[in-house]
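Welcome! Have a look at the model below, and then we can walk through one of its helices and the ligand site together.

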Amino acid sequence: MTAKLEQSTVLVVGAGIMGSGIAQIAAQAGHPVLLFDVQSGAAEAAREKLVGTFAKLVAKGKFSNESAAQTLSRIETIDSLDRATSVALIVEAIIEEIDIKRDLFRQLEAIVSGECVFATNTSSISVSAIANGLQQPERLVGMHFFNPVALMQLVEVVSGLQTSPAVAESIFRLAESWGKVPVHARSTPGFIVNRIARPFYAETLALLQEQASTPARLDACLRAAGFRMGPCELMDLIGHDTNLAVTRSVYAANYYDKRFTPSPVQQELVDGGLLGRKSGRGFYDYEAPNPETETATPVADTLPSTERLCVHGRGRAAERFVKLLDRYSAKFKRIESSDWCGLQVGDARLSQTDGRPAGRLGREVAVFDLSLADDSGGELAWSHAAAASEQWIFEASQWLAVCGFRPQQIADTPGLVVARTLAMLINEAADAVNQGVCSEEAADAAMKLGVHYPAGPFEWLASWNVNTIINLLDQLDNWYRGERYRISPWLRQQAWQEADE
Ligand code: NAD
């Protein structure tokens with residue numbers, strides 16, 4: 001089945017948040033659009049709202065009066081699907097209920113031609129399942145837009161078991177012509193973004209559950225790693241009910257794979273009605289006069305000690321210590337071949353996390369998190385062995401501060417914050433690729449454009465080291481046991497390939 005969709009008439013079914021946005025961008029791309037909603041008056045109300053949207057766009061200089069009027073003139077509301085006999089594409093954006101979506105498409109099959117392409121904007125239902133029972137299941141494909149449709153560039157083009165490759169390709173090209181960045185995905189729970197993003201929330205929720213730190217500190221550490229928002233503030237923005245529902249649906253659809261287990265911390269927030277910004281309170285209290293701020297962090301402008309200094313290992317963290325010690329003309333030894341990376345001060349050790357808590361590494365030990373910042377420091381999580389002396393605890397934080405970081409002490413947990421979160425995001429992306437859900441490039445594009453990650457998981461992998469990640473996940477697995485931190489076969493194969501090269 002091939003489809004010529006450019007400039008053809010598009011029927012958008014469902015005139016809610018997503019449907020009205022889809023109608024807008026289709027009309028902007030030059031398509032005549034028919035907009036239908038089962039609720040009487042809803043399509044007209046959505047069109048009326050678009051009149052307001054275009055008035056604002058004209059005021060901002062993004063559209064001329066004339067082109068706004070022309071675009072709006074292309075959007076026609078209809079009160080019966082029977083008027084849609086000659087459309088070439090249907091984009092469905094109705095309620096997220098499989099039976100209702102199935103019924104709708106079956107009804108439409110009796111109205112439109114055999115050439116018409118069916119696209120569903122479902123965010124969580126199997127595309128194969130929606131197509132089940134259609135006379136031509138090969139014509140149905142997922143066209144998963146992100147909210148707000150007009151601003152978000154990503155479109156996941158989701159193929160079910162019976163979707164024709166030509167149909168998926170024509171929707172891919174159409175999305176491009178609408179100014180979007182499409183990525184191909186196979187219909188599996190959560191598609192790409194909603195699946196790979198799970199650990200971003202889950203690792204922070206796990207740290208909160210074991211009382212490792214506070215939402216403000218964890219958010220600050222992940223913001224310093226380049227994320228626009230920390231997980232707690234982001235969950236507050238999305239709404240804990242919505243975020244939990246997505247986690248639950250991915251968890252259930254994976255037959256309760258422990259990797260996706262929802263968090264009791266979030267469940268408690270939902271049960272208590274603390275849904276986030278929309279209810280005034282979630283992790284943060286949005287009605288409080290002084291919102292929670294991060295705790296004061298040490299500042300240091302001289303080296304805490306010059307006693308027997310040695311920089312161990314290789315990589316960005318080691319280079320940072322070398323640069324620092326050079327700046328102060330301090331005498332130090334350099335052992336690049338060490339199996340750990342960090343700074344030795346006398347008998348004490350300040351080491352970059354390899355997944356083991358500080359307490360597993362010795363007495364006078366502190367560990368610090370992965371830093372993605374090149375020169376700017378920002379918040380950096382660190383922890384120390386319970387047995388460490390007061391003197392070393394003080395000095396360790398001063399060393400991080402003099403390196404330019406704002407050290408955030410957390411409980412002595414494996415993998416700290418950023419290292420653990422990134423390793424799990426990479427692991428999930430690797431599994432998605434291993435299971436044929438998407439390509440590496442699609443995963444990177446999807447995470448950058450769908451949830452604004454500062455880099456894609458495979459870009460992180462390229463700048464980190466596959467063995468370091470495997471080791472870190474192994475340490476987490478050793479510590480916690482269970483299935484959560486199991487390593488993707490794709491990562492292991494990658495490590496073998498690198499070893500062979
Ligand atoms: P919404 O509640 O804002 O709008 C849904 C609209 O569909 C309503 O106006 C409703 O009256 C109408 N409707 C319900 N049943 C219908 C039927 N049988 N025929 C015609 N119209 C019908 O919902 P939304 O947020 O726009 O979501 C729509 C779809 O898009 C869902 O599948 C959702 O999972 C998906 N989605 C939502 C988002 C988001 O952030 N809101 C993002 C991506 C995908």
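## Helix H11

The expected span of a helix is 1.5 Å times one less than its number of residues. In this predicted model, helix H11 covers residues 240-253, which makes 14 residues and an expected span of 20 Å. Its end C-alpha atoms are 20 Å apart, so the model agrees with that expectation.

## One buried face

Which residues of H11 are buried? They are His 240, Asn 243, Leu 244, Thr 247, Val 250 and Tyr 251. Viewed down the axis of H11, the buried residues fall within an arc of 125°, and therefore they line one face of the helix. A general rule fits in here: an α-helix has 3.6 residues a turn, so residues three or four places apart point the same way.

What do the buried residues of H11 pack against? Their partners are four stretches of helix: H7 (193-196), H8 (198-209), H10 (231-238) and H12 (264-271). Just after H11 comes Tyr 255, with a positive phi of about 55°.

## The ligand site

Now to the ligand, which has 21 residues around it. The closest are Met 18, Asp 37, Glu 96, Lys 101 and Ser 123.

Some polar contacts can be picked out by atom. A polar backbone atom of Met 18 is 2.8 Å from an oxygen atom of the ligand. For Val 38, a backbone N or O atom lies 3.2 Å from a ligand nitrogen atom. Asn 121 uses its side chain: a polar atom there lies 3.0 Å from an oxygen atom of the ligand. Taken alone, the ligand exposes 840 Å², and the protein buries 75% of that.

How values were computed: Residues numbered from 1 in each chain as written. Predicted model: local features only at pLDDT ≥ 70, side-chain atom pairs only at ≥ 80, totals over all residues. Heavy atoms only, no water. Helix = DSSP H or I, 4+ residues; strand = E, 2+ residues; numbered from the N terminus. Buried < 20%, exposed > 50% of the residue type's maximum accessible area, 1.4 Å probe, protein only. Arc of directions from axis to C-beta. Contact = heavy atoms within 4.5 Å. Near = heavy atom within 4 Å. Polar contact = N/O pair within 3.5 Å; in protein donor to acceptor, adjacent residues only side chain to side chain. Areas by Shrake-Rupley, 256 points an atom, 1.4 Å probe, with all protein chains shown as cover.
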